[in-house]
Amino acid sequence: MDANVLLTTAETCTEFLSGQLERDWSVPVPEMDLTVAGVVAHISDCLHWYAYDLTAGPVELSTMESHVRAGSPPAELLVTLGTTAKVLAAVVATSGPEARGFHPWGIADPAGFAAMACDELLVHTHDAARRLGVEFAAPARLAAAALYRLFPWTPMDTDPWPTLLWANGRTSLPGHPRLSKWRWHCAPLSEWDGSAPIA
C-alpha cells in the first residue's frame, strides 16, 4: 500500500463518478444522513485531513476547521476529490516509513493513511453509486490492497471486493453476518496483536 495505489484508486473512483454527473446528487444516501454530494464531499474531507494528520504527527491537530462544501456542483466536487487525493499521495510519498500521524483508531504510518484513503474512496463510491441506481465494483487488486492492510483478520477465501464491503459493515458474506460495528487497524501491521478489534 503506497501513494501509487492511492492515486490509482482515486482515478478509478473519480472516473466512475464522472459518468454519473447527470444524475441527481441531492438525493439522500440511506443509513448515512448525507446526500450523494455529501458523501463525495466527505471523502475529500477525509483525504484532506489525513494529509494534515500525517504531517502533524502523533498528536491530534485540533486547531483547524476545514470542510468541503457539499452544495458545490458535482463536477467541482470531483476536481476537489482528485486534488485531495494528490495532496495526500504527495505527503505519503515524501514521508519516511517511521512517520506517524494521529487517528482515533490508531497512530497510523504512511501506508495506513494511504489504505484508509483507499477504503474511504472505494466504499463511499459504492455508497454513492447504490443511491444513484448504478453499480460500482472495485478492481480486486485495489480492494485487496485496502482490505489486507486495514482488516488483516478478515476471511482470506472470499473475493476482496465483497469482503471489503463486509468489513465496512455494508453487506454480509456467506457464513458471516453483516457487521453492525466495525473498525480498522491503521497502525503499522507489526503492531497488530492478531485479533479482530472491538469497535
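**Cysteines, core and pocket of a predicted model**

In this predicted model, a search of the whole structure finds zero disulfides. For C118, the nearest cysteine sulfur belongs to C13 and lies 8.4 Å away, and C118 is in no disulfide. A disulfide is a covalent bond between the sulfur atoms of two cysteines, and the criterion applied here places the two sulfur atoms within 2.5 Å. C186 is likewise unpaired, because its sulfur is 12 Å from the closest cysteine sulfur, that of C46, which is too far for a bond. As for their surroundings, C118 counts as buried, at 0% relative accessibility, and C186 is buried with a relative accessible area of 0%.

The interior can be followed through the largest nonpolar core, which has 60 residues. Within this core, W25 and L164 have the most contacts. Helices α1 (3–18), α2, α3 (74–94), α4, α5 (140–150) and α6 (160–167) each supply at least two of its residues; α4 gives the most, with twelve. In soluble globular proteins, nonpolar side chains tend to be buried together. Beyond its neighbours within four places in sequence, W25 is in contact with L17, Q20, T35, V36, A37, V40, P74, L77, L78 and L132.

The model also contains pockets, and the largest has a volume of about 300 Å³. Its lining comprises 18 residues, of which C46, Y50, H103, E120 and W184 are the closest to its centre. The elements that give two or more residues to this lining are α2 (36–56) and α4 (110–132). By residue class, the lining divides into ten nonpolar, three polar and five charged residues.

How values were computed: Residues numbered from 1 in each chain as written. Predicted model: local features only at pLDDT ≥ 70, side-chain atom pairs only at ≥ 80, totals over all residues. Heavy atoms only, no water. Buried < 20%, exposed > 50% of the residue type's maximum accessible area, 1.4 Å probe, protein only. 1 Å grid on protein atoms, 1.4 Å probe; cavity = no way out; pocket = protein on both sides within 12 Å on 5 of 7 lines; lining within 4 Å. Points joined across faces, edges and corners; volume = space filled by probe spheres on them. Helix = DSSP H or I, 4+ residues; strand = E, 2+ residues; numbered from the N terminus. Nonpolar A, V, L, I, M, F, W, Y, C, P; charged D, E, K, R; others polar. Core = buried A, V, L, I, M, F, W, Y, C linked by side-chain atoms within 4.5 Å. Contact = heavy atoms within 4.5 Å.
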